Amino acid sequence: TFLSTTFAFANEKEIVSLGANLTPKQQEEMMEYFGVNPNTTKVIKVTNEEERKYLKGLVPDKQIGSRAISSVYVKLLPQGKGIMVDTHNISWVSKEMYANAMVTAGIKDAKVVVAAPFDVSGTAALTGIMKAFEEATGEKLSDEAKKTANEELVITGTLGEKIGKDKAAELIQKVKEEVIAKKLADENEIANVIRDIAKQLNIKLTDEQISQIVQ
């Protein structure tokens, strides 16, 4: 049976990342919610220290908290399937925000479920998503891309408070698409793209918000 379990791990391109501070009962709850068997699905843990690595200085300490609670289920999908996201008990980050940030981090073709046993902001869950994806693929994501993805998530979330989550996610996605398509690197040109797209979407942005998005 040992061999068959190891074999199952090797074949199952699905990983669960649990917040390291969940109680055993909460861990069980999360596994049940994800619908996975702990004997055949590989489980990794994410600590609050790991979550802080990319969020330090981006969000108030209070928002990161001191415990790792968010948990994540990641399943690799066939090439070209894209990214699918679902959430449960995540209050601040929307599915689209996660999907956008995952693309920035270099994640492709994956089904992701982000959940917690009670209401959490969800900011720190991106660390668990990236760690689980690396574990499932056996490949490392670039540190720079991971840092940028976290910055993007925080900026979109902050914008979401002012203009609504859906509009914030749509704005960031459209800006990214245009900047990449036109290969823009000049800050003024990027700022103009942001202004144009904000106008199309009927979103009013302050100069400070525009410069945050440019960065």
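**Entry 1: Ile210**

I began with the surroundings of Ile210 and found that, leaving aside residues up to four places away in sequence, Ile210 touches Ala191, Ile194, Arg195 and Leu205. The model I am reading is a predicted one, and I keep that in mind for every entry below. I placed Ile210 in helix α10, and I noted that Ile210 counts as buried because its relative accessibility is 7%, where the cut-off for buried is under 20%. I then looked up the distance from Ile210 to Asp186, a residue 24 positions away along the chain, and read 14 Å between the two C-alpha atoms.

**Entry 2: His88 and Asn89**

I turned next to strand β4, where I located His88 and also Asn89, the strand itself running over residues 83–90. For His88 I listed contacts with Tyr33, Val114, Ala115 and Ala116, again not counting residues up to four places away in sequence. I also looked up His88 against Val120, and the two are 32 residues apart in sequence while their C-alpha atoms are 9.5 Å apart in space. His88 has a relative accessibility of 28% and so counts as partly exposed. Asn89, at 26% relative accessibility, counts as partly exposed as well.

What is the sign of phi at Asn89, a residue other than glycine? I read a positive value, near 65°.

**Entry 3: Asn202**

I checked phi at Asn202 too and found a positive value near 60°, again in a residue other than glycine. Asn202 sits in the loop between α9 (187–200) and α10 (207–214). Is Asn202 buried or exposed? I recorded Asn202 as exposed, because its relative accessibility is 62% and the exposed class begins over 50%.

**Entry 4: salt bridges of helix α6**

I then went through the charged pairs, bearing in mind that side chains of opposite charge can pair when their charged atoms come close. The structure holds 11 salt bridges, and I followed several of them by residue.

In one of them the side chains of Lys42 and Glu135 meet, with 2.6 Å from N to O. This pair links distant parts of the chain, since Lys42 belongs to strand β2 (residues 42–46) and Glu135 to helix α6 (residues 125–137), with the two positions 93 residues apart. I noted Lys42 as partly exposed, its relative accessible area being 34%, and Glu135 likewise as partly exposed at 32% relative accessibility.

Which residue forms a salt bridge with Lys131? I found Glu50, with the closest N and O atoms 2.8 Å apart. Here too distant parts of the chain are linked, as Lys131 lies in helix α6 and Glu50 in helix α3 (residues 48–55), 81 residues apart. Lys131 counts as partly exposed at 24% relative accessibility, and Glu50 counts as partly exposed at 26%.

**Entry 5: a pair within helix α8, and a network**

I looked next at Glu170 and Lys174, whose side chains meet in a salt bridge of 2.9 Å from N to O. Where do these two stand relative to each other in helix α8 (residues 165–181)? They are four residues apart in that helix, so about one helical turn separates Glu170 from Lys174. I recorded Glu170 as partly exposed with a relative accessible area of 33%, and Lys174 as partly exposed with a relative accessibility of 32%. Afterwards I traced a network in which salt bridges that share partners join Glu134, Lys140 and Lys146.

**Entry 6: the chain as a whole**

I closed with the chain totals. I counted 10 helices and five strands in the chain. The radius of gyration is 18 Å, which is close to the 17 Å that the globule rule gives for 215 residues, and therefore the chain is as compact as a globular protein of that length. Taken along the principal axes, the C-alpha atoms fill a box of roughly 60 × 35 × 25 Å.

How much of the chain is made up of buried residues? I read 47% of the 215 residues. Among the contacts with a separation of 6 or more, 76% come from residues 24 or more positions apart. The chain exposes about 11500 Å², and carbon and sulfur atoms supply 51% of that area. My last look-up was the charge balance, for which I noted 28 positive and 31 negative side chains, with the centres of the two sets lying 1 Å apart.

Conventions
Residues numbered from 1 in each chain as written. Predicted model: local features only at pLDDT ≥ 70, side-chain atom pairs only at ≥ 80, totals over all residues. Heavy atoms only, no water. Rg over C-alpha atoms; globule rule 2.2 N^0.38 Å. Buried < 20%, exposed > 50% of the residue type's maximum accessible area, 1.4 Å probe, protein only. Contact = heavy atoms within 4.5 Å. Areas by Shrake-Rupley, 256 points an atom, 1.4 Å probe, with all protein chains shown as cover. Lys, Arg positive; Asp, Glu negative; His and termini not counted. Charge placed at Lys NZ, Arg CZ, Asp CG, Glu CD. Salt bridge = Lys/Arg side-chain N within 4 Å of Asp/Glu carboxyl O.
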